[in-house]
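Hello,

Here is the structure I promised to pass on to you. Have a look at it first, and then read on for what turned up.

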Amino acid sequence: MSVKAHPLSRRARVLVPAVAAALLAATTAACDSDTTSEGTSSSVRTLTPDHSEHEESPSEEQSPGTQQSPRTQQSFAASVSAETERVRQEAVKRLEGVEGRGNAVADVSVSGLPVAAAEEVRSARVRVTNPTDEPAFYAVKVEFVDAEDKVLDTVVVGVEDAPPGRTVDAQADSRKAAGVKTFPRVAQAERG
């Protein structure tokens with residue numbers, strides 16, 4: 001004797017997955033529209049066709065980081081270059097009144113970086129180790145000398161807020177020493 005399946009049970013097997021999928025879609029849509037749950041941003045921003053920004057919650061103040069203008073690589077490089085120049089100028093000022101080699105020559109080492117024949121700049125890596133227990137500003141004067149010990153160029157670099165007990169790197173670049181086999185050395189170093 002064979003057992004015959006009830007016609008409703010066959011339909012149920014077909015309908016259950018369809019109903020489950022519909023419920024899942026409805027639940028997901030309901031969750032997406034809920035803006036009061038914990039973890040949802042209280043200030044939602046939308047863009048209109050004219051690309052202006054509108055807040056849906058005007059009572060909220062904007063945090064300082066929400067309206068950053070887009071920065072191009074060029075503007076970023078310019079700001080880094082300006083900051084490097086500011087620190088370098090500070091280092092030049094600090095070395096003006098220094099007699100002798102300075103109070104931090106033992107904290108600084110310098111080594112030449114590999115050079116390609118076509119490079120227009122001769123570079124040296126300046127390593128500063130701050131042995132104190134507070135951040136410090138370092139002003140370092142690097143000389144690029146040739147094989148006969150003749151100074152071809154002098155470059156000043158600054159290291160701002162060198163962390164205590166740590167070693168940080170800076171770079172000294174010389175255009176005058178480019179194309180010549182040179183040896184960098186620390187002429188002066190002042191911590192202060």
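What pattern does the chain follow, read along the sequence? In this predicted model, the chain follows the pattern α-β-β-α-β-β-β-β-β-β. That comes to two helices and eight strands.

A few values for the whole chain may help you get your bearings. The chain has 192 residues, and 21% of them count as buried. Its accessible surface is about 13,800 Å², and carbon and sulfur atoms account for 54% of that area. As for contacts between residues at least 6 apart in sequence, 62% of them join residues at least 24 apart.

Now to a sheet you may want to turn to in the viewer. Three strands form an open sheet in the order β3-β4-β7, and their pairing is antiparallel. At the edges are β3 (108-112) and β7 (167-174), each of which pairs on one side only. From one strand to the next, the twist averages 25°. Strands of a sheet pair through backbone hydrogen bonds, in either a parallel or an antiparallel way. Here, β4 (residues 122-129) runs antiparallel to β7, and eight bridges join the two. If you would like a place to look along this pairing, V128 stands opposite V168 of β7.

Two aspartates also caught my eye for their backbone angles. Most residues other than glycine have a negative phi. D149, however, has a positive phi, near 70°, and D161 has one of about 55°. Where do they lie? D149 is in the loop between β5 (136-145) and β6 (151-162), whereas D161 is placed in strand β6.

Are these two buried, partly exposed or exposed? D149 has a relative accessible area of 47%, so it counts as partly exposed, a class that ends at 50%. D161 is exposed because its value of 55% is over that cut-off of 50%.

Last, the aromatic rings. How many aromatic pairs are there? By the rule used here, the count is zero. There is a charge over a ring, though: R94 lies over the face of F137, at 4.1 Å from the ring centre.

To pick out places for your own look at the model, I would suggest D149 in its loop, D161 in strand β6, and R94 over the ring of F137.

Best wishes, and enjoy the structure!

Key: Residues are numbered from 1 along each chain as its sequence is written. This is a predicted model: local features need pLDDT of at least 70, side-chain atom pairs count only at pLDDT 80 or more; totals for chains, interfaces and linings use all residues. Side-chain values use heavy atoms; hydrogens and water are left out. Helices (H or I, at least four residues) and strands (E, at least two) are DSSP runs, numbered from the N terminus. Buried means under 20% relative accessible area, exposed over 50%, partly exposed in between (1.4 Å probe, protein chains only). Rings of Phe, Tyr and Trp (its six-membered ring) pair if their centres lie within 6.5 Å; planes under 30 degrees apart count as stacked, over 60 as edge-to-face and the rest as tilted. A charge sits over a ring if NZ of Lys or CZ of Arg is within 6 Å of the ring centre and within 35 degrees of the ring normal. Two strands pair if DSSP finds at least two bridges between them. Axes are lines fitted to C-alpha atoms, for helices over the stretch in contact, and angles run from 0 to 180 degrees between N-to-C directions. Contact means heavy atoms within 4.5 Å. Accessible areas come from the Shrake-Rupley method with a 1.4 Å probe; for residues, only the protein chains shown count as cover.
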